[in-house]
Amino acid sequence: MSLTLLGTILIVEDSPSEMELMSHYLNEGGYHVIKATGAKEALEKALLEKPDVIITDVVMPGMSGFELCRSLKKNSITKKVPIVICSCKNQAIDRLWAMRQGADAYITKPYTREQLLGAIKSVVI
């Protein structure tokens, strides 16, 4: 029996344990996962591999997830790719700021498998 892949998801996360958990949930959910440990690497992979959805942390060394959002939305190749922010920042202002930067959904850590998969389904049309 072959598993039908639902799509390709680029995860941008600098924490190895978070990356592992998220990858596990997404693989189980039937998605192909591409990994990037920082925003600059994510920009390159997004252009090269054209993922269906990008999930990014906010607080990362170098470029933040918010800056990554802005860069992706300014680029003609990646501007239509839905972005899910996954952050431990859980204030209303963080959510609002994320949406202003171009994010399509926002989930907070810790999250459940259902919350993660639900956020992806909510942005994939």
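Leaving aside neighbours within four places in sequence, Val81 is in contact with Pro51, Asp52, Val53, Ile54, Lys73 and Asp104, where contact means heavy atoms within 4.5 Å. Val81 sits in the loop between H3 and S4, and these labels follow DSSP runs numbered from the N terminus, with helices (H or I) of at least four residues and strands (E) of at least two. With a relative accessibility of 11%, Val81 counts as buried; buried means under 20% relative accessible area, exposed means over 50%, and partly exposed lies in between, for a 1.4 Å probe and protein chains only. One of the residues it touches, Val53, is 28 residues away from Val81 in sequence, yet their C-alpha atoms are 5.8 Å apart in space.

This is a predicted model, in which local features need pLDDT of at least 70 and side-chain atom pairs count only at pLDDT 80 or more, while totals for chains, interfaces and linings use all residues. Residues are numbered from 1 along each chain as its sequence is written, and side-chain values use heavy atoms, with hydrogens and water left out. The mean pLDDT of the chain, pLDDT being the predictor's confidence in each residue from 0 to 100, is 94, and 95% of the residues reach 70 or more. Among the elements of the chain, helix H4 (residues 92-100) has the lowest mean pLDDT, 95, and S3 has the highest, 98.

Val53 also appears in the nonpolar interior. A nonpolar core is a set of buried Ala, Val, Leu, Ile, Met, Phe, Trp, Tyr and Cys residues joined through side-chain atoms within 4.5 Å. The largest such core has 21 residues, and those with the most contacts inside it are Leu10, Val12, Ile54, Leu68 and Ile85. Two or more residues each come from S1, strand S2 (31-36), H2, H3 and strand S4 (83-87), with H3 giving the most, four residues. Apart from this core lies another, of 20 residues, among them Val33, Val53, Ile107 and Val123. Not counting residues up to four places away in sequence, Ile85 touches residues including Thr56, Val58, Phe66, Tyr106 and Ile107.

Charged side chains make further links. The structure holds six salt bridges, each being a side-chain nitrogen of Lys or Arg within 4 Å of a carboxyl oxygen of Asp or Glu. Three of them are listed here.

| Salt bridge | N to O distance |
|---|---|
| Lys109 and Glu13 | 2.9 Å |
| Glu41 and Lys45 | 3.1 Å |
| Asp57 and Lys109 | 3.4 Å |

Lys109 lies in the loop between strand S5 (105-108) and helix H5 (113-123), and Glu13 in the loop between strand S1 (7-12) and helix H1 (16-28), so their salt bridge ties together parts that are 96 residues apart in sequence. Glu13 is buried, with a relative accessible area of 2%, and Lys109 is buried as well. Asp57, which is also buried, forms its salt bridge with Lys109 from the loop between strand S3 (53-56) and helix H3 (65-74), 52 residues apart from its partner. Through shared partners, these salt bridges join Glu13, Asp57 and Lys109 into one network.

The Glu41 and Lys45 pair has another setting, since the two residues are four apart in helix H2 (residues 39-49) and are therefore separated by about one helical turn. Glu41 is partly exposed, with a relative accessible area of 29%, and Lys45 is likewise partly exposed, at 22%.
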